[in-house]
Amino acid sequence: MDKTTITVIAVAALIVIGFVFKKLIKHEEKKNDPNLAEPRDSNTLPGNQGVKNRDQ
């Protein structure tokens with residue numbers, strides 16, 4: 001393969017990886033929405049697992 005083909009494949013792979021990470025980050029942000037009926041546990045200090053706090 002010549003340099004141009006390898007460059008095109010590398011750029012396409014970076015675009016796909018970037019798109020996947022963008023989707024994953026958006027999904028995590030949706031799960032961390034403080035207005036959810038049951039917010040996720042944000043207090044992960046030892047001894048506090050399972051405590052759901054809205055005080056921030």
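**Notebook: Ile25, Lys26 and their patches**

I began with Ile25, which counts as partly exposed because its relative accessibility is 48% (buried is under 20%, exposed over 50%, partly exposed in between, with a 1.4 Å probe and protein chains only). This is a predicted model, where local features need pLDDT of at least 70, side-chain atom pairs count only at pLDDT 80 or more, and totals use all residues. Numbering runs from 1 along each chain, and side-chain values use heavy atoms, without hydrogens and water.

I placed Ile25 in helix H1 (a DSSP run of H or I, at least four residues). Ile25 also joins Val16, Ile17, Phe19, Val20, Phe21 and Leu24 in a nonpolar surface patch of about 690 Å² (residues over 30% relative accessible area without a salt bridge, nonpolar side chains joined within 5 Å, like charges within 9 Å; a salt bridge puts a Lys or Arg side-chain nitrogen within 4 Å of an Asp or Glu carboxyl oxygen).

Next I looked up Lys26, also in helix H1, residues 3-31. Lys26 counts as exposed because its relative accessibility is 58%. I found Lys26 in a positive surface patch with Lys22, Lys23 and Lys30.

Lastly, I checked the whole chain: 1 helix, 0 strands, and 4% of its 56 residues buried.

Notes: Helices (H or I, at least four residues) and strands (E, at least two) are DSSP runs, numbered from the N terminus. Accessible areas come from the Shrake-Rupley method with a 1.4 Å probe; for residues, only the protein chains shown count as cover. Lys and Arg count as positive and Asp and Glu as negative; His and the chain ends are not counted. The place of a charge is taken as NZ of Lys, CZ of Arg, CG of Asp or CD of Glu.
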